[in-house]
Amino acid sequence: LGIDQDDMALDAASARFERELPTARRRFLKGNFDSLDDLLVQAEVPGVDCFLFDIGVSSPQLDIPERGFSYHEDAPLDMRMGPGDNTLTAAEVTNSYNEADLARILRVYGDERNATRIARQIVRTREKAPIETTLQLVEVIKAAIPAAGRRHGGHPARKTFQALRIEVNHELDALDQGLRAAVRWANTGGRICVISYHSLEDRIVKH
């Protein structure tokens, strides 16, 4: 039973099973971790022996510039993992959240030490014109970070893009709700496995 909120991922999984394991029993459902209860009821399973959660953005999402996840390619500021179901975009967050909320998101979700500087620069820039593309935002971030800070720690926009992506997709709330549902549905002796990628996710999983 495979669950994903991205139609592209569901199509890819279906094609791969059809190609490599055409006789395997399988079912793919569209949804997010936070809807796990409803999805398992829909699938009519009595219990689950093993859950595997793969958290965060996927490589194909990063590889398609039009999705707006990459800070290397110019594209509309989108970052929605499930575009058909989520109306909030990174452009809306960037252009409508106040400076304090932007700084909080960048600090908490991105562990960005220059969160206040970047939030202030975003607000100043959007007063002249909306920030609508990924590379526009990258330039705003570069302008906000001191030159010395841009020489270390990888791409200067990495943490800001991570923070916006988490906010747009409500990733941490969804993970928390999904794990709690998994505990309820796990059979005796079952296992819940989670692939996580940063400390915010780790903390929720370990708790």
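At what angle do the axes of H6 and H7 cross, and within how many Å do they come? Keep that in mind as you load the model, which is a predicted one.

**Start with the whole chain**

Show the protein chain as a cartoon and you will find eleven helices and four strands. Along its principal axes, the C-alpha trace spans about 55 × 35 × 30 Å. If you colour by burial, 41% of the 207 residues come up as buried. Switch to contacts between residues at least 6 apart in sequence, and 64% of them join residues at least 24 apart.

**Select H6 and H7**

Now for the opening question: the two axes cross at roughly 125° and come within 8 Å. H6 and H7 are therefore oblique to each other, since angles from 115 to 145 degrees belong to neither the perpendicular nor the antiparallel class. Turn the view until one helix lies over the other, and you will see H6 pass H7 in a right-handed crossing. Next, show side chains at the contact. From H6, pick Arg117, Ile118, Gln121, Ile122 and Thr125; they meet Leu137, Val140, Ile141, Ala143 and Ala144 in H7. Sorted by class, this contact of H6 with H7 holds seven nonpolar, two polar and one charged residues.

**Pause at the loop between them**

Select Ala129, which sits in the loop between H6 and H7. Is Ala129 buried, partly exposed or exposed? Its relative accessibility is 38%, so Ala129 counts as partly exposed. Draw a C-alpha to C-alpha distance from Ala129 to Asn95: the viewer should give 9.4 Å, although the two are 34 residues apart in sequence.

**Move on to H7 and H9**

Keep H7 on screen and add H9. The axes of H7 and H9 cross at roughly 125° and come within 10 Å. That angle makes H7 oblique to H9. Here, too, the crossing is right-handed as H7 passes H9. On the H7 side, select Thr134, Leu137, Val138 and Ile141; on the H9 side, select Thr160, Phe161 and Leu164. The contact of H7 with H9 comprises five nonpolar, two polar and no charged residues.

**Centre on Leu137**

Leu137 belongs to the H7 side of the contact with H6 and also to the H7 side of the contact with H9. Which residues does Leu137 touch, leaving aside those up to four places away in sequence? Show Leu77, Thr94, Ile122, Ile131, Phe161 and Leu164 around it.

Then widen the selection to the largest nonpolar core, which has 35 residues. Val93, Leu137 and Phe161 have the most contacts inside this core. To see where it draws its residues from, colour helix H4 (90-96), helix H5 (99-110), helix H6 (115-128), helix H7 (134-144) and helix H9 (158-169): these are the elements that give it two or more residues. Another core, of eleven residues, lies apart from this one, and among its members are Val48, Leu175, Ala182 and Trp185.

**Finish at H2 and H10**

For the last stop, select helix H2 (residues 36-43) and helix H10 (residues 171-185), which pack at an angle of about 40° with their axes 9 Å apart. H2 and H10 are therefore oblique to each other. Leu36, Asp37, Leu40 and Val41 of H2 make this contact with Gly178, Ala181, Ala182, Arg184 and Trp185 of H10. Colour these by class and you will get six nonpolar, one polar and two charged residues. Ala182 and Trp185 should look familiar, as both were named in the core of eleven residues.

How values were computed
Residues numbered from 1 in each chain as written. Predicted model: local features only at pLDDT ≥ 70, side-chain atom pairs only at ≥ 80, totals over all residues. Heavy atoms only, no water. Axes fitted to C-alpha atoms, helices over the stretch in contact; angles between N-to-C directions. Parallel < 35°, antiparallel > 145°, perpendicular 65-115°, else oblique. Contact = heavy atoms within 4.5 Å. Nonpolar A, V, L, I, M, F, W, Y, C, P; charged D, E, K, R; others polar. Core = buried A, V, L, I, M, F, W, Y, C linked by side-chain atoms within 4.5 Å. Buried < 20%, exposed > 50% of the residue type's maximum accessible area, 1.4 Å probe, protein only. Left-handed = near helix turned anticlockwise from the far one by under 90°.
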